[in-house]
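Got a fold in front of you and wondering what the labels on it rest on? Let's go through some of them, one question at a time.

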Amino acid sequence: MSARILYGKDFAAQIKESARREVEELKNKFGVTPGLAVIIVGENPASQIYVRNKNKACEELGIKSEAVAMPETTTKDELLKKIDDLNANPDIHGILVQLPLPDAIKAHSEEILNRIDPRKDVDGFHPVNVGKLVTGSPALVPCTPAGCIEMLDLAGIEIDGKRAVIIGRSNIVGKPMLHLLMARHATVTVCHSHTKNLPEITRQAEILVAAMGKPKFVTADMIKPGAVVIDVGINRIAPKKLVGDVDFDAAVEVAGAITPVPGGVGLLTVAMLMKNVVTATKLQIK
Ligand code: NDP
């Protein structure tokens, strides 16, 4: 048996097309062009690629994008001042600060992210947005887990009543994924580095989400035959070689459906960011 491969580009294209239509509507109905500011501090090469991809997606969709490049030596106060300016700028509807921040200000990441106006917080990391997600009235939701749910819906994969297992409990992926799956009536277990008998738990999953950052950690024997496997992991194992958290070649023989890496969840993340910029713009028009 070979699994259905869930290619990110197919779903990302649909998400972006729906965002593009909404951008057009916002322009026609309200005369508003959604605007995204991406702040990048320092020279991290991976971050530079992500920022370029985000700008490219904005251009495709008719969203105005502003890359705010700040030097490695930027202080916390300078960065906070820049965020305040963007919060007050009516042409900017979405703000994100590309992580990781340089070592000198890394310790202040939380304070810096919390300075973003929650209505402009297109990463969905602000405590106000986290609270809304947890209490069941989501506004801006972290892009990667939101993209996974959107993909399941577009692929026609039922979530209601399913047994779901998430490996990883980060604020960016694991925790929001728990709330999104629970809100859709899955029965969810979250595993982490202290979990005992992990394979025993993952083998019960009808939907298995791997978000741990450990190359090819999830082996075929950890997967229930026919399960939907969503591989969020992005691990660089050689200069030009990316792999996920799942051993894809073996897993594809056991799973019912599976996302590849690269070419899976990563593409959904940028598409969902565009959708969040549209959502943020609507929140501000109201
Ligand atoms: P974090 O490092 O913040 O979290 C990793 C989680 O995995 C932690 O909760 C950790 O447990 C858990 N974990 C680590 N080792 C094990 C283990 N042996 N058994 C069980 N659980 C374990 O990572 P992120 O959530 O930020 O990212 C996870 C992966 O997803 C990374 O590869 C990252 O690159 C990728 N990613 C991909 C995105 C995309 O667009 N596709 C976007 C964001 C991330 P504990 O809490 O106990 O330490």
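Q: How many aromatic pairs does the structure hold, and what would make two rings a pair?
A: This is a predicted model, and it holds zero aromatic pairs. Ring centres have to lie within 6.5 Å to pair, so no two rings here count as a pair.

Q: What makes the charged end of Lys9 count as sitting over the ring of Tyr7?
A: The charged end of Lys9 is 5.6 Å from the centre of the Tyr7 ring. The cut-off is 6 Å, along with a limit of 35 degrees from the ring normal, so Lys9 counts as sitting over that ring.

Q: Which residues are closest to the ligand?
A: They are Arg169, Ser170, Ser193, Ile234 and Thr269, out of 21 residues that surround the ligand.

Q: Why is the pair between Ser193 and the ligand called a polar contact?
A: An N or O atom in the Ser193 side chain is 2.5 Å from an oxygen atom of the ligand. Polar contacts are pairs of N or O atoms within 3.5 Å, so this one qualifies. Thr269 also has a polar side-chain atom 2.8 Å from a ligand oxygen.

Q: What about the backbone of Val232 and the ligand?
A: A polar backbone atom of Val232 lies 3.4 Å from a ligand nitrogen. With the cut-off at 3.5 Å, that pair therefore counts too.

Q: What lines the largest pocket, and how much space lies in it?
A: About 1,400 Å³ of space lies in the largest pocket. Of its 47 lining residues, Tyr50, Thr144, Ile234, Gly266 and Thr269 are the closest to its centre. The elements giving two or more residues to the lining include α1 (8-30), α2 (45-61) and α11 (265-285). The largest share, nine residues, comes from α2.

Q: How many residues of each class are in that lining?
A: There are 26 nonpolar, twelve polar and nine charged residues. Gly counts as polar, so Gly266, one of the residues closest to the pocket centre, belongs to the polar class.

Q: Where are the cis peptide bonds at Pro100 and Pro262?
A: One joins Leu99 and Pro100, with omega about 0°, and Pro100 is in the loop between β4 and α4 (103-106). The other runs from Val261 to Pro262, with omega near -5°; Pro262 lies in the loop between β11 (257-258) and α11.

How values were computed
Residues are numbered from 1 along each chain as its sequence is written. This is a predicted model: local features need pLDDT of at least 70, side-chain atom pairs count only at pLDDT 80 or more; totals for chains, interfaces and linings use all residues. Side-chain values use heavy atoms; hydrogens and water are left out. On a 1 Å grid over the protein atoms alone, a cavity is a set of points where a 1.4 Å probe fits but cannot get out, and a pocket is an open set with protein on both sides within 12 Å along at least five of seven lines; lining residues have an atom within 4 Å of a point. Grid points are joined across faces, edges and corners, and a volume is the space filled by probe spheres set on the points. Helices (H or I, at least four residues) and strands (E, at least two) are DSSP runs, numbered from the N terminus. Rings of Phe, Tyr and Trp (its six-membered ring) pair if their centres lie within 6.5 Å; planes under 30 degrees apart count as stacked, over 60 as edge-to-face and the rest as tilted. A residue is near a molecule or strand if one of its heavy atoms lies within 4 Å of it. A polar contact is a pair of N or O atoms within 3.5 Å; within protein, one must be able to donate a hydrogen and the other to accept it, and residues adjacent in sequence count only if both atoms are side-chain atoms.
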